[in-house]
Amino acid sequence: MKINYQKKFSLKNKKVFIFGGMGLIGKEVAQAMKQFGSNIVLLDLKFKKKEFKKKFKTKSIIFEEFDCSDLENISLNLNKIIKKNGCPSIVINCSYPKTESWKDSSFSKINYQNYKDNLEVHLSSYVWISKFFADKMVNKKIKGSIVMLSSIFGKFGQDLNTYKNTKLSENMTYSIIKGGINTFTKQMGSFYGSYKIRVNSVSPGGVKGHVAGISKKQDKLFIKNYINKVPLGRMCKPEDVATTIIFLSSDASNYITGANIFVDGGLKSIR
Ligand SMILES: NC(=O)c1ccc[n+]([C@@H]2O[C@H](COP(=O)([O-])OP(=O)(O)OC[C@H]3O[C@@H](n4cnc5c(N)ncnc54)[C@H](O)[C@@H]3O)[C@@H](O)[C@H]2O)c1
């Protein structure tokens, strides 16, 4: 039988939930999914009407206000959204939950409360959102795909040389959060495999744009230092992440689960 390879990449009429859908990466993922014909629900903290209209110019993307850090009510809140919009077969988590103290997470500044709170709002919300949807998919016999945003720093430590003479510093908790997401991805891939639900993560290198939760612009020296180490000689672009997520969401990656894909311009290959 001749295989239709184009169809394998199709996301036509698939219901997709994108957490952190108004963020740097989330918005690009939504754009890409829209082009592939998906029905999209963006979930994020606040509805920014102007930005939303400018970016999406379509009625096929719905916005739902949702706070990932409200862990006590996570099932209640998600059940309400599902009741209204239906259950997705694709769930992408691009959110970046953090507390006010996130910018003080270097080894020298961090305190226990900061560490504990950020672990809770980021790692725990990723865990509970993924588990919630995987269980729903099992219940509704949906062969779904879940993709979580990790980072190269879930695999290896931050290179302090790239921060030298910049206002930036390393972040102690980030490595624990992203390392946790990587291992949980494997554990979920294993558990939900027999239900034909696939769970994968994506680890981008530094994305050009901003330093989430720290500053609107990236330090020029940081970019120079960082790029010097990347074999492909540039920073990651949001669309590099979006295309990888398209692959992981579609049937083209039907035999991939529990994986963590690096989108890092080859950085990992020389570490
Ligand atoms: N930008 C990078 O360089 C980079 C590199 C590697 C990995 N990542 C990962 O990719 C993901 C997205 O990063 P980004 O750069 O797009 O971040 P971003 O800050 O641009 O976007 C994150 C989005 O999450 C939303 N958000 C924050 N707290 C929330 C909450 N409690 N509930 C719901 N939504 C919430 C924000 O409103 C924002 O729209 C993160 O997990 C991040 O760790 C980013």
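Which residue follows α3, and what is the sign of its phi? Select K57, the residue that comes after α3, and you will find a positive phi near 40 degrees. Before going further, bear in mind that what is on the screen is a predicted model.

**The whole chain**

Begin with the complete protein chain in a cartoon view, where the secondary structure amounts to eight helices and seven strands. The radius of gyration is 18 Å, close to the 18 Å that the globule rule gives for 271 residues, so the chain is as compact as a globular protein of that length. Measured out along the principal axes, the box that the C-alpha atoms fill is roughly 55 × 45 × 40 Å. If you colour the chain by burial, 37% of the 271 residues will come up as buried. Of the contacts between residues at least 6 apart in sequence, 74% join residues at least 24 apart.

**The sheet**

Next, select the strands, and follow the open sheet that the seven of them form in the order β3-β2-β1-β4-β5-β6-β7, with parallel pairing. At the edges stand β3 (61-65) and β7 (260-263), each of which has a single partner strand, so one side of each is left without a neighbour in the sheet. Looking from one strand to the next, you can follow a twist that averages 20 degrees. Strands of a sheet pair through backbone hydrogen bonds, in either a parallel or an antiparallel way.

Now restrict the selection to β1 (15-19), where four of the five residues are buried, so that the strand is largely enclosed by the rest of the structure. Five bridges join β1 to strand β2 (residues 39-44), and the two run parallel. To see one of the pairings by residue, pick F19, whose bridge partner in β2 is L43.

**Strand β6 and what covers it**

Move on to strand β6 (residues 198-204), which is joined to strand β5 (residues 145-149) by five bridges and runs parallel to it. Two pairs are useful to label here: S145 has R198 as its bridge partner in β6, and M148 has S201.

Is β6 enclosed or open to the outside? Seven of its seven residues are buried, so β6 is largely enclosed by the rest of the structure. In a regular strand, side chains alternate between the two faces of the sheet. In β6 both faces are covered, with R198, N200, V202 and P204 buried on one side and V199, S201 and S203 buried on the other.

To see a helix beside this part of the sheet, add helix α6 (residues 172-192), which lies across β5, β6 and β7 and runs at about 160 degrees to β6.

Then add T244, which belongs to helix α8 (residues 238-249). With 21 C-beta neighbours inside 10 Å, T244 counts as buried. Leaving aside residues up to four places away in sequence, T244 touches V202, I261 and V263. A distance drawn between the C-alpha atoms of T244 and V202 should read 7.7 Å, although these residues are 42 apart along the chain.

**Around the ligand**

Select the ligand together with its surroundings, a shell of 22 residues in which the closest are G20, G23, L24, I25 and V207. By character, the shell divides into 13 nonpolar, seven polar and two charged residues. Helix α2 (residues 24-35) supplies the largest share of this shell, namely three residues.

**Exposed stretches and positive phi angles**

Finish with a few places outside the sheet, starting with helix α3 (residues 49-56), which is hardly covered, since the count of buried residues among its eight residues is zero.

Most residues other than glycine have a negative phi. K57, just after α3, is positive, as noted at the start, and two further positions can be inspected for the sign of this angle. N13 is not a glycine, yet has a positive phi of about 65 degrees, and you will find N13 in the loop between α1 (5-8) and β1 (15-19). With 9 C-beta neighbours inside 10 Å, N13 counts as exposed. K196, also a residue other than glycine, has a positive phi near 65 degrees and sits in the loop between α6 and β6. K196 has 15 C-beta neighbours inside 10 Å and counts as partly exposed.

Notes: Residues are numbered from 1 along each chain as its sequence is written. This is a predicted model: local features need pLDDT of at least 70, side-chain atom pairs count only at pLDDT 80 or more; totals for chains, interfaces and linings use all residues. The radius of gyration is taken over C-alpha atoms; the globule rule is 2.2 Å times the number of residues to the power 0.38. A residue is buried if 20 or more other C-beta atoms lie within 10 Å of its own, exposed if 12 or fewer, and partly exposed in between; C-beta atoms are placed from the backbone. Two residues are in contact if their C-beta atoms, placed from the backbone, lie within 7 Å. A residue is near a molecule or strand if its C-beta atom, placed from the backbone, lies within 6 Å of it. Ala, Val, Leu, Ile, Met, Phe, Trp, Tyr, Cys and Pro count as nonpolar, Asp, Glu, Lys and Arg as charged, and the others, Gly among them, as polar. Two strands pair if DSSP finds at least two bridges between them. Axes are lines fitted to C-alpha atoms, for helices over the stretch in contact, and angles run from 0 to 180 degrees between N-to-C directions.
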